[in-house]
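Student: Please take me through a single part of this structure in detail, and then set it within what lies around it. I would like each term to come with its cut-offs.

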Amino acid sequence: MESVKRKRRKAAVNQSDCVACGCCVKVCPMSAIRVVRGVAAQVNEDKCVGCGKCARECPASVIEIREVEA
Ligand code: SF4
Ligand code: SF4
């Protein structure tokens, strides 16, 4: 039987293009994203549920929802 790898959706920030506006932080229902040292947003993958709210709000479009191995 073929093994089925479980996938989970997680947000990923392109930090070099993040403008640190904090919009993603305000909309995240899981408090899974924060702006680190006022420079760029960072996702806590343990908390992120991949809902995509942050990606929709980001004015710089630097958040991508990716499928990762569970
Ligand atoms: S995808 Fe959802 S849970 Fe994950 S960081 Fe963005 S808003 Fe938060
Ligand atoms: S909304 Fe986008 S640009 Fe603003 S802090 Fe979050 S990732 Fe960076």
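**Strand β3 and its surroundings**

Tutor: Strand β3 has two faces, a covered one formed by Ala41 and Val43 and an uncovered one formed by Ala40 and Gln42. In a regular strand, side chains alternate between the two faces of the sheet. Before going further, note that this is a predicted model, in which local features need pLDDT of at least 70 and side-chain atom pairs count only at pLDDT 80 or more, while totals for chains, interfaces and linings use all residues. Residues are numbered from 1 along each chain as its sequence is written, and chains are lettered from A and ligands numbered from 1 in the order in which they are written.

The protein chain holds two helices and four strands, which follow one another from the N terminus as β-α-β-β-α-β; here helices (H or I, at least four residues) and strands (E, at least two) are DSSP runs, numbered from the N terminus. The partner of β3 is β2: the two run antiparallel and are joined by four bridges, where strands are said to pair if DSSP finds at least two bridges between them. Across this pairing, Ile33 stands opposite Val43.

Between β2 (33–36) and β3 (40–43) lies a loop that contains Arg37, and the hairpin has three residues between its strands. Arg37 has a positive phi of about 50 degrees although it is not a glycine. Arg37 counts as exposed because it has 7 C-beta neighbours inside 10 Å; the scale calls a residue buried if 20 or more other C-beta atoms lie within 10 Å of its own, exposed if 12 or fewer, and partly exposed in between, with C-beta atoms placed from the backbone.

On the covered face, Ala41 is in contact with Val13, Cys18, Ala20, Cys24, Ile33, Arg34 and Val35, once its neighbours within four places in sequence are left aside; contact means that the two C-beta atoms, placed from the backbone, lie within 7 Å. Both covered residues, Ala41 and Val43, belong to the largest nonpolar core, a set of twelve residues that also includes Ala11, Val13, Ile33 and Cys48. Strands β1 and β3 each supply at least two residues of this core. A nonpolar core is a set of buried Ala, Val, Leu, Ile, Met, Phe, Trp, Tyr and Cys residues joined through C-beta atoms within 7 Å.

Ala41 also takes part in a ligand site: 15 residues surround ligand 2, and Ala41 is among the nearest, together with Cys18, Cys21, Cys24 and Cys58. A residue is near a molecule or strand if its C-beta atom, placed from the backbone, lies within 6 Å of it. By class, the shell around ligand 2 has 13 nonpolar, one polar and one charged residues; Ala, Val, Leu, Ile, Met, Phe, Trp, Tyr, Cys and Pro count as nonpolar, Asp, Glu, Lys and Arg as charged, and the others, Gly among them, as polar. Around ligand 1 there are 14 residues, of which Ala11, Cys28, Cys48, Cys51 and Cys54 are the closest, and this shell has eleven nonpolar, two polar and one charged residues.

Following the chain beyond β3, the loop that leads to α2 contains Lys47 and Gly50. Lys47 counts as partly exposed because it has 13 C-beta neighbours inside 10 Å, and outside its sequence neighbourhood of four places it is in contact with Met30, Ser31 and Ala32. The C-alpha atoms of Lys47 and Met30, 17 residues apart along the chain, are separated by 6.3 Å. Gly50, by contrast, is buried, because 20 other C-beta atoms lie within 10 Å. With neighbours within four places again left aside, Gly50 is in contact with Arg8, Arg9, Lys10, Ala11 and Ile65, while its C-alpha atom lies 10.0 Å from that of Cys28, 22 residues away along the chain.

One of those contacts, Arg9, sits in strand β1 (residues 7–13). Arg9 is partly exposed because it has 13 C-beta neighbours inside 10 Å, and beyond its four-place neighbourhood Arg9 is in contact with Gly50, Ile65 and Glu67.

For the chain as a whole, buried residues make up 19% of the 70 residues. Among contacts with a separation of 6 or more, 60% come from residues 24 or more positions apart.
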